[in-house]
Amino acid sequence: MSTLLEIQNLCKQFGGLKAVNDVSFTVAEGEIVALLGPNGSGKTTVINMISGALPPTSGSIRLGGVVLSGLPPHKIAHKGVARTFQLVRALPSLTVLENVITALAFRGKPLWGAQARSRAEELLQQVGLEGRGPEHAADLTYIDQKRMELARALAADPRLLLLDEWLSGLNPTELRVGIDLIMSLRERGMTILLVEHIMEAVRALCSRAVVMNAGTKIADGPTAQVLADPAVVAAYLGD
Ligand code: ADP
């Protein structure tokens with residue numbers, strides 16, 4: 001497997017706080033990797049630096065060899081990084097189809113008109129919302145809002161998908177559906193970096209896990225091995 005995402009010696013300082021301290025890891029093409037750690041360990045800050053929401057203090061981020069660090073968010077999106085947000089950011093007054101069409105209009109190579117409509121319908125089918133395009137986004141159940149948010153992220157044809165607690169807040173039945181949906185993306189070859197607190201999902205989906213604690217990386221390896229690592233267990237117990 002070739003490396004898609006390469007993070008080297010990444011640091012982010014907020015005043016005197018080293019929120020991310022010399023973190024390096026890679027994500028290979030087609031892999032789902034979990035980014036784990038107790039609250040405040042720096043996970044969201046790493047995701048924010050990958051997507052360009054925050055500039056790194058130092059270190060580098062590359063996607064397929066192309067340097068992303070230092071670029072603004074829209075340029076990073078155009079280079080192939082898409083993210084979903086912890087709080088679902090949709091346009092509630094629009095229909096489901098219009099929400100996805102809007103996302104298609106903002107991608108690097110915008111799609112319009114009939115082309116956008118047919119691509120949007122394809123994306124809705126991919127996330128399990130086929131035929132639901134005319135419904136108002138505001139009327140969707142929580143899991144269906146999550147599906148729509150995923151369709152909007154996929155509208156960019158990303159090479160790397162960042163999922164920040166995308167599964168949080170789902171009931172057990174919805175969680176199973178959400179896990180299956182992410183699995184279906186993996187089967188289509190999508191590369192995913194997943195920040196997730198739900199260990200059932202991490203075990204089911206992620207071949208590898210990277211664990212942070214207080215800004216530094218404390219473990220990186222096969223998921224089962226990492227979750228059994230005493231240093232990882234101790235970090236979580238200290239949470
Ligand atoms: P996690 O996602 O693992 O819960 P975060 O990346 O959100 O952790 O936060 C890591 C640390 O950085 C925390 O101590 C947090 O308070 C701090 N932090 C995060 N964002 C900012 C910011 N914009 N300004 C100052 N401190 C921040």
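A residue is taken to be near the ligand if one of its heavy atoms lies within 4 Å of it. In this predicted model, that cut-off picks out Phe14, Leu17, Ala19, Pro38, Asn39, Gly40, Ser41, Gly42, Lys43, Thr44 and Thr45 as the residues around the ligand. Sorted by character, the shell comes to four nonpolar residues, six polar ones and one charged. Two elements, β2 (17–28) and α1 (43–51), each put at least two residues into the shell, and α1 gives the most, with three.

Polar contacts to oxygen atoms of the ligand come from a run of neighbours in this shell. Lysine 43 uses its side chain, with a polar atom 2.8 Å from a ligand oxygen. Glycine 42 works through its backbone instead, where an N or O atom sits 3.0 Å from an oxygen of the ligand. Serine 41 also brings in a polar backbone atom, 3.1 Å from a ligand oxygen. As for how much of the ligand ends up under cover, the protein hides 58% of the 560 Å² of accessible area that the ligand has on its own.

Turning to serine 69, this residue is in the loop that runs between β5 (66–67) and α2 (73–78). Leaving aside residues up to four places away in sequence, serine 69 touches Pro56, Gly59, Ser60 and Ile61. With the last of these there is a polar contact too: a polar atom of the serine 69 side chain lies 3.0 Å from the backbone nitrogen of isoleucine 61.

Then there is helix α6, which takes in residues 172–187. Its 16 residues reach 23 Å from the first C-alpha to the last, close to the 22 Å expected at 1.5 Å a residue. At the N-terminal end, asparagine 171 acts as a cap, with a side-chain oxygen 3.0 Å from the backbone nitrogen of threonine 173. Just past the helix, glycine 189 adopts a positive phi of about 95°.

Which residues of α6 are buried? They are Glu174, Leu175, Gly178, Ile179, Leu181, Ile182, Met183 and Leu185. A bit of helix geometry helps in reading that list: an α-helix has 3.6 residues a turn, so residues three or four places apart point the same way. The buried residues of α6 pack against quite a set of partners. Among the strands these are β3 (32–36), β7 (160–164) and β8 (191–195), while the helices are α4 (113–126), α5 (142–154) and α7 (199–205).

Methods:
Residues are numbered from 1 along each chain as its sequence is written. This is a predicted model: local features need pLDDT of at least 70, side-chain atom pairs count only at pLDDT 80 or more; totals for chains, interfaces and linings use all residues. Side-chain values use heavy atoms; hydrogens and water are left out. Helices (H or I, at least four residues) and strands (E, at least two) are DSSP runs, numbered from the N terminus. A polar contact is a pair of N or O atoms within 3.5 Å; within protein, one must be able to donate a hydrogen and the other to accept it, and residues adjacent in sequence count only if both atoms are side-chain atoms. Contact means heavy atoms within 4.5 Å. Accessible areas come from the Shrake-Rupley method with a 1.4 Å probe; for residues, only the protein chains shown count as cover. Ala, Val, Leu, Ile, Met, Phe, Trp, Tyr, Cys and Pro count as nonpolar, Asp, Glu, Lys and Arg as charged, and the others, Gly among them, as polar. The expected span of a helix is 1.5 Å times one less than its number of residues. Buried means under 20% relative accessible area, exposed over 50%, partly exposed in between (1.4 Å probe, protein chains only).
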